[in-house]
Amino acid sequence: MDITILGIESSCDDTSAAVLRGNVLLSNVIASQEVHIRYGGVIPELASRAHQQNIIPVVDAALKGASLTLDDIDAIAFTRGPGLLGSLLVGVSFTKGLALAKNIPMVEVNHLQGHILSHFIDLPDRQLPHPSFPFLCLLVSGGHTQIVLVRDYLDMEIIGTTIDDAAGEAFDKCAKVMGLPYPGGPVIDRLAKEGDPKRFHFARPSVDGYDYSFSGLKTSFLYFLRDRMAEDPAFIEENKADLCASLQYTIIEILLNKLVKAARAFDITDIAIAGGVSANSGLREAIVREGKKRRWRTFLPEFKFTTDNAAMIAMTGMHRYLKGEFAPMDVSPVARISEL
Ligand code: KG4
Ligand code: ZN
């Protein structure tokens, strides 16, 4: 009999619940929070309040979507961290309440492992391609940029990480400077399609090993715009597409450069991407192109599994459940986790 897991994700600004039976996703409900748009970024206090409002209807909808009740659930998997403490607290507390009331075991999940294991989810009507171990995963989100060596479901090692900003942060911060709405990543992706990626050149970092840096690019972008705007106040408006295309091109080149280097050094040909920025159409095309050249098997997540979702939390929770790794009742959320 396949195991049935209810997953709960509340690490940032999306409240999500999902039901997974075996590897098959039965439901995945995501309530995105609109309140942050007018502030141009996530306001933690507003996020946790919105989670509180959303969590019961979202969990309810996920169970209904799977045509199940809590009596059918073998374990509840929840995101313990990393993320915003106030947001995590809502998911953790809610899980405890539910687990206690219904006598269901709890399993804690590292959000970043979740993004990576989203590559193992199947849909009711079709199997998705799964990478083989060991594989490399480029994990690119709003808060993280890492190259992860994945030896097994729960055996992962970060071999490269950003020493300052994350790739998603670079997208979002540069978008903000151009007056684009939050989150900037998808907006830049859309505008970049109309622009010339080689028109403008921005600073590229020189960092050792497989680590990344994006703060120099952000600063160079900022100063470039300041100088051009001083000459011509309409510069951003008139060159938006080329700016977006050139910025995106630079970010992708930085990301791929280290990934190629790592793949070569570790002699690994199964290469995956995960996290919010893995939705970027330019990055997806570039990695497929690079993969063809280097005979990689490349794994791109379904769009619905790129940004934060509870399906990936349920998937990771299932593997912890199988190993008998249950969370105690006094478990507390953690904002930062240094290891995977
Ligand atoms: O994984 P995620 O949903 O949340 C975190 O765990 O951080 O990632 C959110 C990030 C944001 O920075 C957002 O701008 C970026 O993913 N993002 C994109 C795209 N879609 C989302 N960046 C570039 N292109 C996209 N299409
Ligand atoms: Zn995430």
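**Entry 1: lysine 64 and its partner.** I began with lysine 64, which counts as exposed at 58% relative accessibility; buried means under 20% relative accessible area, exposed over 50%, and partly exposed in between (1.4 Å probe, protein chains only). The model is predicted, so local features need pLDDT of at least 70 and side-chain atom pairs count only at pLDDT 80 or more, whereas totals for chains, interfaces and linings use all residues. Residues are numbered from 1 along each chain as its sequence is written, chains are lettered from A and ligands numbered from 1 in the order in which they are written, and side-chain values use heavy atoms, with hydrogens and water left out.

I found that lysine 64 forms a salt bridge with aspartate 60, their closest N and O atoms being 2.8 Å apart. A salt bridge is a side-chain nitrogen of Lys or Arg within 4 Å of a carboxyl oxygen of Asp or Glu. Aspartate 60 is partly exposed at 37% relative accessibility. The two residues are four apart in helix 1 (residues 44-65), and so are separated by about one helical turn. Helices (H or I, at least four residues) and strands (E, at least two) are DSSP runs, numbered from the N terminus.

**Entry 2: other salt bridges.** I noted that a search of the whole structure finds 20 salt bridges. One of them joins aspartate 71 and lysine 102 (3.5 Å, N to O). Aspartate 71 lies in the loop between helix 1 and strand 4 (75-81) and lysine 102 in helix 2 (residues 85-102), so the pair ties together parts that are 31 residues apart in sequence. I also recorded a network of salt bridges linking Asp165, Glu169, Lys173 and Lys218.

**Entry 3: a buried lysine.** Which side chain of opposite charge is nearest to lysine 258? I found aspartate 208, 7.0 Å away; lysine 258 is buried yet has no salt bridge. For charge, Lys and Arg count as positive and Asp and Glu as negative, while His and the chain ends are not counted. Lysine 258 lies in helix 7 (residues 235-266). The backbone oxygen of aspartate 211 lies 2.7 Å from a polar atom of the lysine 258 side chain.

**Entry 4: the zinc ion.** I looked up the protein donors of the zinc ion (ligand 2): His111 (NE2), His115 (NE2) and Asp308 (OD), lying 2.0 to 2.1 Å from the ion. Donors are N, O and S atoms within 2.8 Å of the metal (3.2 Å for Na, K and Ca); water is not among the atoms, so sites may look incomplete. Along the chain, the donors follow the spacing H-x3-H-x192-D. Both histidine 115 and aspartate 308 are buried.

How values were computed: Polar contact = N/O pair within 3.5 Å; in protein donor to acceptor, adjacent residues only side chain to side chain.
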